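Q: Could you take me through one part of this model up close? I'd like to start from a single residue and work outwards from there.

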Amino acid sequence: MKTLLTLALLTLGLGATPSYGAPPVDVADARFTFCITCHGANAQGNPGVAAPRLGGLPAWHLENQLRAFRAGWRGVAEADEHGDVMRTMALALGDDAELREAAAWAASLEAPAPAPTLTGGDPRRGKTLYAPCAACHGTQGEGVAALEAPPLAGQNDWYLEAQLEHYAAGRRGFDPADTRGQQMRALAGTLSTARDRRDVLAYLATLGAPAP
Ligand code: HEC
Ligand code: HEC
């Protein structure tokens with residue numbers, strides 16, 4: 001009876017580890033262990049080298065970003081040294097299949113949600129400023145896959161701040177072929193001051209990381 005039940009559960013796919021419909025990921029995959037030298041042992045993010053959290057983020061988002069680095073949509077502008085570092089890493093990956101596997105690998109790592117590091121933001125004002133963002137990033141900052149808008153809750157706040165500055169300054173989302181980046185660049189313009197950005201990030205910090 002117990003065996004039958006187990007069989008039935010296995011047939012239904014219950015009890016299996018979710019893996020975004022992709023084949024199981026080997027967390028010890030030697031091709032990608034160099035990624036954690038910057039991103040942290042569980043890819044939880046590492047402010048020391050400005051490398052963000054990857055673990056627990058959706059594989060489609062990580063894949064989009066690896067492609068964006070390779071395409072020269074990120075990491076090529078003056079004053080984007082961190083993007084430049086990551087662009088070199090993305091270019092070092094092999095073919096398309098390896099890029100997808102790297103994204104799935106990083107997404108599968110179990111990274112704890114980072115503690116907030118930024119201070120001085122007003123979360124109540126930030127909540128109002130976040131209202132237009134929710135249409136794409138979700139009311140809880142959980143991301144919306146259908147719009148390819150990534151989760152914001154649970155990402156390192158210092159990283160999000162740097163990216164909002166990049167969009168606002170045209171260091172990201174500048175290429176007409178980069179439709180996602182162009183969309184986001186237009187939206188970043190609605191947060192016109194450093195204070196606006198701080199306030200939105202203070203609000204996002206109250207939301208907590210979405211379940212992977
Ligand atoms: C030498 C350090 C270093 C290594 C090694 C490295 N990265 Fe990065 N990575 C960074 C930095 C720094 C950034 C932030 C870039 C920026 O600010 O634009 C980044 C950003 C990213 C992003 C963008 C995340 C987002 O949400 O926007 C992805 C995806 C990524 N890295 C994946 C990887 C993968 C996969 C590997 C291994 C194949 C890897 N990285 C290896 C330093 C590194
Ligand atoms: C029309 C849909 C849309 C709206 C509205 C929107 N975003 Fe985005 N956002 C996106 C997309 C798509 C991306 C991925 C862009 C890319 O690939 O460069 C993104 C990326 C980002 C990133 C970079 C995340 C990362 O990991 O690299 C931040 C930060 C961000 N959005 C914050 C905001 C904030 C704050 C607002 C409100 C002021 C906002 N977004 C409104 C669609 C949107």
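A: Let's start with tyrosine 159, which is buried at a relative accessible area of 14%. Keep in mind that this is a predicted model. Tyrosine 159 pairs with tryptophan 158 in an edge-to-face arrangement, with 6.5 Å from centre to centre and 85 degrees between the planes. Tryptophan 158 is buried too, because its relative accessible area of 18% falls under the 20% cut-off.

Tyrosine 159 also takes us straight to ligand 1. There are 25 residues around that ligand, and tyrosine 159 is among the nearest, together with Cys35, Cys38, His39 and Met86. Two of those names come back at the metal: His39 (through NE2) and Met86 (through SD) are the protein donors of the iron atom of ligand 1, at 2.0 to 2.2 Å from it. Histidine 39 sits in helix α2 (residues 35-39) and methionine 86 in helix α4 (residues 81-92), so this pair ties together parts that are 47 residues apart in sequence. The iron atom of ligand 1 has 6 donor atoms with angles of 87 to 179 degrees among them, and its site is octahedral. For comparison, the ideal angles for six octahedral donors are 90 or 180 degrees.

Histidine 39 deserves a second look. The residue is buried, with a relative accessible area of 9%. A polar atom of its side chain lies 2.9 Å from the backbone oxygen of proline 52, and an N or O atom of the histidine 39 side chain is 2.8 Å from a nitrogen atom of ligand 1.

Next, the polar contacts at the oxygen atoms of ligand 1. Arginine 74 has a polar side-chain atom 3.0 Å from an oxygen atom of ligand 1, and glutamine 163 has one 3.1 Å from an oxygen atom of this ligand. As for where the shell comes from, the elements giving two or more residues to it are α2, α3 (59-71), α4 and α7 (157-169). By class, the shell around ligand 1 splits into 16 nonpolar, 8 polar and 1 charged residues.

Arginine 74 is a handy stepping stone to the other ligand. This arginine lies in the loop between α3 and α4 and is buried, with a relative accessible area of 7%. Arginine 74 and arginine 172 are 98 residues apart in sequence, yet their C-alpha atoms are 5.8 Å apart in space. Arginine 172, in turn, has a side-chain N or O atom 2.9 Å from an oxygen atom of ligand 2.

So what does the surrounding of ligand 2 look like? It holds 24 residues, of which Gln65, Cys133, Cys136, His137 and Met184 come nearest. Glutamine 65 places a polar side-chain atom 2.8 Å from an oxygen atom of ligand 2, while histidine 61 has one 3.3 Å from an oxygen atom of the ligand. Helices α3, α6, α7 and α8 each supply at least two residues of this shell, and α8 gives the most, with 5 residues. The class count for the shell around ligand 2 is 15 nonpolar, 6 polar and 3 charged residues.

At the metal of ligand 2, the protein donors of the iron atom are His137 (NE2) and Met184 (SD), lying 2.0 to 2.2 Å from it. Histidine 137 belongs to helix α6 (residues 123-137) and methionine 184 to helix α8 (residues 179-188), and this pair links distant parts of the chain, 47 residues apart. The site of this iron atom is octahedral, with angles of 87 to 179 degrees among its 6 donor atoms. Histidine 137 is buried, at a relative accessible area of 9%, whereas methionine 184 counts as partly exposed, at 21% relative accessibility.

One last stop, back to the rings we began with. The structure holds 3 aromatic pairs. In one of them, tyrosine 130 and tyrosine 203 have ring centres 5.8 Å apart and planes at 45 degrees, so the pair is tilted. Tyrosine 130 lies in helix α6 and tyrosine 203 in helix α9 (residues 194-205), so parts that are 73 residues apart in sequence are tied together here. Both tyrosine 130 and tyrosine 203 are buried.

Note on methods:
Residues numbered from 1 in each chain as written. Chains lettered and ligands numbered in written order. Predicted model: local features only at pLDDT ≥ 70, side-chain atom pairs only at ≥ 80, totals over all residues. Heavy atoms only, no water. Donors = N, O, S within 2.8 Å, 3.2 Å for Na, K, Ca; no water. Tetrahedral: all angles 85-135°; square planar, octahedral: opposite > 155°, others 65-115°. Helix = DSSP H or I, 4+ residues; strand = E, 2+ residues; numbered from the N terminus. Buried < 20%, exposed > 50% of the residue type's maximum accessible area, 1.4 Å probe, protein only. Near = heavy atom within 4 Å. Polar contact = N/O pair within 3.5 Å; in protein donor to acceptor, adjacent residues only side chain to side chain. Nonpolar A, V, L, I, M, F, W, Y, C, P; charged D, E, K, R; others polar. Phe/Tyr/Trp six-rings, centres within 6.5 Å; stacked < 30°, edge-to-face > 60°.
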